[in-house]
Amino acid sequence: MADGCTAGAKIIGDRFYLLKNRDLIWGGFRDSIVFDKDVFFVTGVNVGDGEPCGASFGFNKFGLAGCNTTVLVTPHKAYDSLLERIFRETKTIDEAFELVRADLEGGNRYQWCNFVLASPEGVGAIEIGDGVAVLEKDPKIITRTNHHLVLPTADILRQAELAEREAGGPVTTSQRRRQEAAKLLAEATSLMDMTQLLSTHREGRGFDSICRHRSPNPRAEPYLGETVYSYIAEVSGIDIDTLEFRIKVAAGNPCTSTYDEFVVDFDSPESKYNLMTNFP
């Protein structure tokens, strides 16, 4: 199940935000989560069999947060499993990239994607293509949608079948969506700005819309889908190395849904119980 998503990260003062709208073509989708002593994440879904697989959005107790976006559906492994390894095995963006590069050099192949990462030291994006990966880093801000910015894959994506792009949609709409997200994120200074960014529409509320709505005639646009979840991770205390974690999640279109907020305390059984019981 490939996501057609908008994702970004930004450091503001003593905290950073990681945000993602999860766009899927299936209705009635419900999230599942993993929360143990070292990691918290929303699970991904294997496009091959529809079963939960790896991580789609989350972070570890060391302050490394990340999420993914689809670029091209291929017959290879679900990239969500690789993002879970990043959460479990690395602490920094550089370590995450080294893990990805070593894994690809070892012969593993994944569906094409972007990983958007955030940490107290900065933010970044790992682009993964056909056995290759590149890293873009920035001190403060990063955005990605459903295409690569650094890897030279644009011509391949333009020629891809609709099913290979799935909810990612045409490259031109992904490019417009990223440009708008980048502009809004550059201007954002608060949590409210983040929620407004994720609730932003284009006129048609389609592939080029950050908050995407299902077509009135789904049979005519079978890969359009809709925004089924919206997430914002807030990690504060990055200047004093005493990290506090929160996640805000809206089930459905964020323009009409309410964000529920949860504290993620890796040392608290109560925090784990609350999340496992009440996550929407």
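What radius of gyration does the protein have, and what would a compact globule of 280 residues have? I looked it up: the protein has 17 Å, which agrees with the value near 19 Å for a compact globule. The radius is taken over C-alpha atoms, and the globule rule is 2.2 Å times the number of residues to the power 0.38.

I note that this is a predicted model, with local features needing pLDDT of at least 70, side-chain atom pairs pLDDT 80 or more, and totals for chains, interfaces and linings using all residues. Residues are numbered from 1 along each chain as its sequence is written, and side-chain values use heavy atoms, without hydrogens and water.

**Overall.** I find 7 helices and 13 strands. These are DSSP runs (helices H or I, at least four residues; strands E, at least two), numbered from the N terminus. The C-alpha trace spans about 50 × 45 × 35 Å along its principal axes. I read 56% of the 280 residues as buried (under 20% relative accessible area, 1.4 Å probe, protein chains only).

**Sheet.** I traced an open sheet of 6 strands, ordered S10-S1-S2-S11-S12-S13, with antiparallel pairing. Pairing requires at least two DSSP bridges between two strands. S10 (141–144) and S13 (260–264) are the edge strands. S2 (residues 15–24) and S11 (residues 226–236) share 10 bridges. Lys20 stands opposite Tyr231 in S11.

**Helices on the sheet.** H6 (residues 191–198) lies across S1, S2, S11 and S12, at about 20° to S2. H7 (residues 269–278) touches S12 and S13, making about 145° with the direction of S13. Contact means heavy atoms within 4.5 Å. Axes are lines fitted to C-alpha atoms, for helices over the stretch in contact; angles run from 0 to 180 degrees between N-to-C directions.

Terms used. Buried < 20%, exposed > 50% of the residue type's maximum accessible area, 1.4 Å probe, protein only.
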